[in-house]
Amino acid sequence: MPLALAVPEIIFLDEVDSTNTYARTHFDDLPDGTLVVAKNQTAGRGRRGRVWVSPPGVNFTGSVLFKQLEDGFHAGCLLGVATLALLRELSPELPAYLKWPNDIYVHDRKLAGILSESTRIEHGKITAVVSGIGVNVNLPPEIIAQIDQPATSLFAETDQKFNLEIFSKKLAKQLIRYYIIYLKNSGAIFREWKESNLLLNEVITIVDSGGVAHTGIFQDIREDGSMELAVGDSIFLFQCGDVKIDPKSVDWQKMNLKATSKGYSKTFT
Ligand code: BTN
């Protein structure tokens with residue numbers, strides 16, 4: 001199906017329960033690739049039933065409607081690589097990278113999280129996917145210090161404030177660019193996504209859905225998005241889980257070089 005995506009469609013809302021919910025509810029009325037952005041979410045959702053809390057007007061919270069994707073995994077890949085490309089555009093020296101299953105990190109701190117949801121299945125095929133992202137943009141260090149997880153923001157990393165409307169418009173452009181690439185060659189998006197998962201080959205701990213922690217070498221990511229963890233001579237496969245980083249076990253100098261525009265091999269530019 002051809003994509004009429006030359007001009008990105010953006011909907012700016014002052015307040016909504018969740019941009020993912022809004023995108024799901026209005027899915028049939030909005031064009032493919034529309035980005036729904038809210039200044040404030042009253043019931044922002046995270047992965048695995050968690051809440052996503054963000055002070056009003058400070059960070060980016062938005063969701064994209066995908067009408068031509070097969071599943072939530074590919075939607076998350078697309079949104080992940082598009083957001084990473086935007087971060088490189090805004091701040092080329094920022095060593096941001098993708099962290100499986102679909103976060104954006106700087107060093108051992110979370111900058112952004114993605115929640116993808118398949119919203120409709122017809123004749124056994126997914127026909128509607130929504131993918132939402134929360135990016136800590138202008139969150140000040142004193143608020144970050146109150147978060148119970150290692151977190152960061154663009155402001156904390158760069159000492160610069162970013163205009164959220166410009167951020168949204170630029171993200172919408174990157175999304176359209178990557179969506180068009182995906183429709184021509186979906187494998188290219190997966191490859192770029194995998195290449196940007198810089199914890200590959202590092203020692204990590206994954207906490208599975210039952211709360212059990214497994215430590216090993218993050219050996220590979222399969223084409224369906226599942227992670228291969230090598231523990232001794234065995235390979236364990238994970239579809240989901242929370243990856244914990246031991247900051248002491250990672251060579252951050254090497255990671256920084258790979259993550260910044262200097263070391264990053266740009267597949268499409
Ligand atoms: C996670 O890291 O757990 C995923 C967080 C996803 C948050 C975003 S904010 C915009 C969109 N709307 C939501 O309710 N959730 C996603």
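In what sense do strand 3 and strand 7 pair, and over how many bridges? Strand 3 (residues 60–66) and strand 7 (residues 125–135) run antiparallel to each other and share 7 bridges. A word on the basis first: this is a predicted model, in which local features need pLDDT of at least 70 and side-chain atom pairs count only at pLDDT 80 or more, while totals for chains, interfaces and linings use all residues. Residues are numbered from 1 along each chain as its sequence is written, and side-chain values use heavy atoms, with hydrogens and water left out.

**The sheet**

Strands (E, at least two residues) and helices (H or I, at least four) are DSSP runs numbered from the N terminus, and two strands pair if DSSP finds at least two bridges between them. Here 7 strands make an open sheet of mixed pairing, in the order 1-2-3-7-6-5-4. Strand 1 (10–16) and strand 4 (96–99) each have a single partner, so one side of each lacks a neighbour in the sheet. From one strand to the next, the twist averages 20°.

Helix 2 (residues 72–90) packs on this sheet, touching strands 3, 4, 5, 6 and 7 (contact means heavy atoms within 4.5 Å). The direction of helix 2 makes about 35° with that of strand 7, where axes are lines fitted to C-alpha atoms and angles run from 0 to 180 degrees between N-to-C directions.

Strand 7 also pairs with strand 6, antiparallel, over 10 bridges. In the hairpin of these two strands, with 2 residues between them, His123 takes a positive phi near 50°. Of the 11 residues of strand 7, 8 are buried (under 20% relative accessible area), so this strand is largely enclosed by the rest of the structure.

**Two helices that cross**

The axes of helix 5 (residues 164–184) and helix 6 (residues 186–195) come within 5 Å and cross at roughly 120°. The pair is therefore oblique, the class left after under 35 degrees (roughly parallel), over 145 (roughly antiparallel) and 65 to 115 (roughly perpendicular). Residues in the contact include Tyr178 and Ile181 of helix 5, and Ala188 and Ile189 of helix 6.

**The cysteines**

How many disulfides does the structure hold? There are 0, a disulfide being a pair of cysteine sulfur atoms within 2.5 Å. The table gives the accessibility of two cysteines; partly exposed lies between buried and exposed (over 50%).

| Residue | Closest cysteine sulfur | Relative accessible area |
|---|---|---|
| Cys77 | Cys240, 15 Å | 1%, buried |
| Cys240 | Cys77, 15 Å | 37%, partly exposed |

The sulfur of Cys77 is too far from that of Cys240 for a bond.

Conventions: Buried means under 20% relative accessible area, exposed over 50%, partly exposed in between (1.4 Å probe, protein chains only).
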